[in-house]
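I opened this notebook to keep track of what I looked up, entry by entry, going from one strand pairing outward to the rest of the chain.

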Amino acid sequence: MCRGRWGRLAAWMAALAVAAPAGAAERIVFRIGEIERSVQVADLAAFATTGALTPDLRAYLGRLSPADRQAFRTALTQTAPVNDVAVSTFLDTPLGQASLEQLAKVLDQPPAITKPALASALLLGTAKAGRLRLLDVVQAYPLPSLTVNVPAVAALVRELSHQFNLQNRLYPKLAALDGGAATPDAARAAALAALAQPGSQPYRSEPFTFQAPGQQNVTALALLPQGSTKVPLVVLAPGLNTDFNALLYLGRHLASHGYAVAALDFPFTSANELQAALKGLAVIPEPNAWVGQPQTVSALIDAVQQRWGSAVETGNVGVLGQSLGGYTVLALGGARLDWPALQQACRALADPNQVVLNPAVLWQCQAPNQVVATPTLADGRVRAVVALNPVASPIFSAASMEQVQVPLLMLAGTNDIFAPPVSQQLRPFTAMQQPDRVLGLLDHGTHISFLNGTARLPRFITGPDRSVAHDALRSLGLAFFNTHLRGDSVMQQLVPATGGVVVGRQPLPLLLRRQLDAQQLEQVAPGSNKLL
């Protein structure tokens, strides 16, 4: 197998050479039935740069609404600061291949031609410009013409339009939902800031291993306060390609305030497992991770009981997870896995006229028929759940979320491109009936804003000053667990019963509210009920 980005490019170009003569993209051909029309790629580039429409281009883009036309123009020129190495690495992953298959639907040619041509265009366009732009990819397409599938292009434009519009408007529209924009509350912000300060409780660290279902040995760490009183337990569940160190800053904060904390590395989805996936040795995530991860957390609670049960209240447990770990803690809190809903949603990936680019959905649809279809993984010892940027749909339907009976704090970020907030957090939240629920939306927050780490990732992935998000999580995590594991009333004081309140600080203000139903979400994000 060819190694390195240019080795892969050579392999793709070799596949193209067999299928069609090489060239450079000059025209885009629109075909509807027997009717075929085309426009110059140069005309599309002029539109992207200046907004001008030639007569040929007007015949197609003129049918879009002004907002959709502007969204399409933005999509053509939107820059992702990733280089050709990052693109090449991504295309080597199962998720990258799934995304490539979805994008190839917009081209009305056999997959044997479109996939290698599109892969080459992605790599060549990024290498030439030093960043990823859709326009550069179109111009680098290595065949003289792109024959497009008009319904698939329309679906792609709708999705891009919705996502670009939501990213900029979601926070202010949610803040203004109750007839007047929620404004910063100085008193509540001060109370949260006080909760971010370290506690005075001494604690010790205890690394250990335990056996998960399936006989895997799991690496874990316990933080145990020193004292004679039994203390509640909080479990930290990391997401895909992370380990417990990403959330350990929060664990130390909770331990300093008298909580026992247990954190683990999941055997299927840790950073080591992702490296195996990049080498083609695994999928992302391994199919039975959907069942295995909640069961592994239950086994962790068992292990803590066996080792430190005399000092830790393992029947009074809070769980906090991020991304795939967020899914995990929702399942532990009672959300039932809805396999028929997942399989129904996954059929869209095979629809030639639908383009699904939501990474959370692509993850869930890796192998939905290969899992052990267990419906419920709830653990009755779990008394409170904090879900950060969780992957929650379509594996959890509305009926699934109605089953959550424990208090829930769900945090989302407006700029999360891996688990988009409307489909993965806000819409699932609207289905909940549990009265002790709180939704938090972090403006400009990304999928990893709440995580710690030293990886050098581009800014559009990391977002602005993560220390602000970390302080917010220290405060809210402590407040939430104090309320629901220790019985105080701090969350009732921080979050009003109706409406929203803005806390935190720039550049990541945080909007908190208790109520959001499906009708309100449709006001905030019209058409959100149709998103995957």
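**Entry 1: a strand and its two neighbours.** I began with a single pair of residues and noted that Ala222 stands opposite Ala262 in S7. I am working with a predicted model, and I keep that in mind for every value below. The pairing belongs to S5 and S7, which run antiparallel and are joined by four bridges. On the side of S6, I found that S6 and S7 pair in the parallel sense, over four bridges, and that Leu236 stands opposite Ala263 in S7.

I then asked which residues of S7 point one way and which the other way. Ala260, Ala262 and Leu264 point one way, while Val261 and Ala263 point the other way, and all of them are buried. I therefore wrote S7 down as mostly covered, with five of its five residues buried, which by the cut-off means under 20% relative accessible area.

**Entry 2: the sheet.** Next I followed the pairing outward and recorded an open sheet of 10 strands, in the order S4-S5-S7-S6-S8-S9-S10-S11-S13-S12, with mixed pairing. Its edge strands are S4 (203-211) and S12 (500-503), each of which pairs on one side only. From one strand to the next, the twist averages 20°.

Within this sheet I looked at S6 (residues 231-237) and S8 (residues 312-322), which run parallel and are joined by seven bridges. As one entry in that ladder, I noted Gly321 in S8 as the bridge partner of Ala237.

Two helices came up while I was checking what packs on the strands. H18 (residues 421-430) packs on the sheet and touches S10 (408-413), S11 (437-442) and S13 (510-513), its direction making about 155° with that of S10. H13 (residues 289-308) lies across S4, S5 (217-225), S6, S7 (260-264) and S8, and runs at about 120° to S4.

**Entry 3: the nonpolar cores.** I asked which residues touch the most other members of the largest nonpolar core. They are Leu330 and Phe396, in a core of 82 residues. The largest share of this core, nine residues, comes from H13, the helix I had just placed across S4, S5, S6, S7 and S8. Leaving out residues up to four places away in sequence, I listed the contacts of Phe396 as Tyr327, Leu330, Ala331, Ala335, Arg336, Leu337 and Met401. Apart from this core lies another, of 48 residues, including Leu247, Ile448, Leu473 and Ala479.

**Entry 4: the disulfide.** I searched for sulfur pairs and came to a count of one disulfide. It is formed by Cys346 and Cys365, whose sulfur atoms are 2.0 Å apart. The pair links distant parts of the chain, 19 residues apart: Cys346 sits in H15 (residues 339-346), and Cys365 in the loop between H16 (359-364) and S9 (382-388). Why do I call the disulfide left-handed? The torsion about the S-S bond of Cys346 and Cys365 is about -90°, so the disulfide is left-handed. Both Cys346 and Cys365 are buried.

**Entry 5: two helices.** In H2 (residues 41-50) I marked Val41, Asp43, Leu44, Ala45, Phe47 and Ala48 as buried. The residue that follows H2 is Gly51, whose phi is positive, near 90°.

I also looked up Asn482, which has its place in H20 (residues 466-485). Is Asn482 buried or exposed? Its relative accessible area is 11%, so Asn482 is buried. Not counting residues up to four places away in sequence, Asn482 touches Tyr259, Gly487, Asp488 and Val490.

**Entry 6: the chain as a whole, and confidence.** I closed with totals: the secondary structure comes to 22 helices and 13 strands, and buried residues make up 56% of the 532 residues in the chain. Among contacts between residues at least 6 apart in sequence, 76% join residues at least 24 apart.

The mean pLDDT of the chain is 83, and 85% of the residues reach 70 or more. Over residues 1-22 the pLDDT is below 50, although in the model this stretch has 35 contacts beyond near neighbours in sequence. Over residues 270-283 the pLDDT is again below 50, with 22 such contacts in the model. Where pLDDT is low, the predicted coordinates should not be read in detail.

Key
Residues are numbered from 1 along each chain as its sequence is written. This is a predicted model: local features need pLDDT of at least 70, side-chain atom pairs count only at pLDDT 80 or more; totals for chains, interfaces and linings use all residues. Side-chain values use heavy atoms; hydrogens and water are left out. A disulfide is a pair of cysteine sulfur atoms within 2.5 Å. Buried means under 20% relative accessible area, exposed over 50%, partly exposed in between (1.4 Å probe, protein chains only). pLDDT is the predictor's confidence in each residue, from 0 to 100. Contact means heavy atoms within 4.5 Å. Two strands pair if DSSP finds at least two bridges between them. Axes are lines fitted to C-alpha atoms, for helices over the stretch in contact, and angles run from 0 to 180 degrees between N-to-C directions. A nonpolar core is a set of buried Ala, Val, Leu, Ile, Met, Phe, Trp, Tyr and Cys residues joined through side-chain atoms within 4.5 Å.
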